[in-house]
Amino acid sequence: LASPATPPRLRISARWGDGGETLLDVDYEPSSGSFSLSTAVPAGAQYGEHRVSLLAFVRRGGPGFAPGDNRRLLDSVTLAVADPRPPTVAMDASVAAGAMRVVPPGGSISLSLATRTLSGVPLGGARVTLRWRVDGRPTPPTC
C-alpha cells in the first residue's frame, strides 16, 4: 500500500515595510482545510496597503512552483495600515432603503451610516452620535 501524501506546511507571509518578509506558521486541520490565525501589525509598519499571502511549502518542486522554489502561493489579500483616529474618519449617511424621504414635523427617518478611515478601511462597530438642526422653512416655489 502506498503511504498517504504528506500535507504541505502552510505559512502566512507579510511585508509591513522595509523590514523584509515576516513568516507565520499556520496550524490547520488537513481533513477540513480550515484554520484561524491572528497576529499583531508591527508598531513600525508603514502606512498604506500591504499584501498578506497564504503559502504552501513542500520538499520538492512541481506544478505551480518556480524552478528551485519550494513554496507555492495559494491566496492573498490586500489590507491597509492606517490611523483610524479622528480626524481621519469619514462618515457616509444616506436614507435607508424603503424609508420615506419626506418627513412631517415631529416625524422620524431611518438613515444608513457607514464609517471608514480616509484611506478607505471600514470601521465596524464604530459608535456614532449624530446631531442636526433644521434652520428656517423652505420657501415655496413660485410660478
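Asp-92 is partly exposed, with 36% relative accessible area, in a model that is predicted. This residue forms a salt bridge with Arg-116, in which the closest N and O atoms are 3.1 Å apart. The pair links distant parts of the chain, since Asp-92 belongs to strand S7 (residues 89-95) and Arg-116 to strand S8, with their positions 24 residues apart in sequence. Arg-116 is likewise partly exposed, its relative accessible area being 29%.

A search of the whole structure finds two salt bridges, and the other one to be described joins Asp-25 to Arg-11, with a separation of 2.8 Å between the closest N and O atoms. Asp-25 lies in strand S2 and Arg-11 in strand S1, so this salt bridge ties together parts of the chain that are 14 residues apart in sequence. The surroundings of these two residues can be stated separately: Asp-25 counts as partly exposed, at 42% relative accessibility, whereas Arg-11 counts as buried, at 18%. Because residues under 20% relative accessible area are classed as buried, the value of 18% places Arg-11 in that class.

The overall organisation of the chain provides the setting for these pairs. The chain contains eight strands and zero helices, and its pattern along the sequence is accordingly written β-β-β-β-β-β-β-β. Of its 143 residues, 15% count as buried, and the accessible surface of the chain comes to about 11600 Å², with 54% of that surface belonging to carbon and sulfur atoms. When contacts between residues at least 6 apart in sequence are considered, 50% of them join residues at least 24 apart.

Four of the strands form an open sheet, arranged in the order S2-S1-S5-S6 and paired in antiparallel fashion. Strand S2 (21-25) and strand S6 (71-81) are the edge strands, each of which pairs on one side only, and the twist from one strand to the next averages 25°. In general, the strands of a sheet pair through backbone hydrogen bonds, either parallel or antiparallel.

The pairings within this sheet can be followed across the strand order. Strand S1 (residues 9-15) is joined to S2 by five bridges, the two strands running antiparallel, and within this pairing Ile-12 stands opposite Leu-24 in S2. Six bridges join S1 to S5, again with an antiparallel course, and here Arg-11 stands opposite Leu-55 in S5. Arg-11 therefore has a place in two kinds of link, as it faces Leu-55 in S5 and also forms the salt bridge with Asp-25. Between S5 and S6, which run antiparallel, there are 10 bridges, and the bridge partner of Phe-57 in S6 is Arg-71. Strand S5 (residues 48-57) is mostly covered, with seven of its 10 residues buried.

Leu-24, located in strand S2, counts as partly exposed at 23% relative accessibility. Apart from neighbours within four places in sequence, Leu-24 is in contact with Leu-10, Arg-11, Ile-12, Leu-37 and Thr-39; among these, Ile-12 is the residue that stands opposite Leu-24. The C-alpha atoms of Leu-24 and Ala-14, which are 10 residues apart along the chain, are separated by 8.5 Å.

Thr-115 offers a view of strand S8, in which it lies. At 15% relative accessibility, Thr-115 counts as buried. Not counting residues up to four places away in sequence, Thr-115 touches Val-89, Ala-90, Met-91, Pro-122, Leu-123, Ala-126 and Val-128.

Two of these contact residues of Thr-115, Met-91 and Val-128, also belong to a nonpolar patch on the surface. The patch further includes Val-103, Ile-109, Leu-111, Leu-113, Leu-130, Trp-132 and Val-134, and its members together have about 790 Å² of accessible area. Val-134 is found in the segment after strand S8 (111-117), and this residue is exposed, with a relative accessible area of 68%.

Key:
Residues are numbered from 1 along each chain as its sequence is written. This is a predicted model: local features need pLDDT of at least 70, side-chain atom pairs count only at pLDDT 80 or more; totals for chains, interfaces and linings use all residues. Side-chain values use heavy atoms; hydrogens and water are left out. Two strands pair if DSSP finds at least two bridges between them. Axes are lines fitted to C-alpha atoms, for helices over the stretch in contact, and angles run from 0 to 180 degrees between N-to-C directions. Patches are made of residues with over 30% relative accessible area and no salt bridge: like charges are joined within 9 Å, nonpolar side chains (Val, Leu, Ile, Met, Phe, Trp, Tyr) within 5 Å. Accessible areas come from the Shrake-Rupley method with a 1.4 Å probe; for residues, only the protein chains shown count as cover. A salt bridge is a side-chain nitrogen of Lys or Arg within 4 Å of a carboxyl oxygen of Asp or Glu. Buried means under 20% relative accessible area, exposed over 50%, partly exposed in between (1.4 Å probe, protein chains only). Contact means heavy atoms within 4.5 Å.
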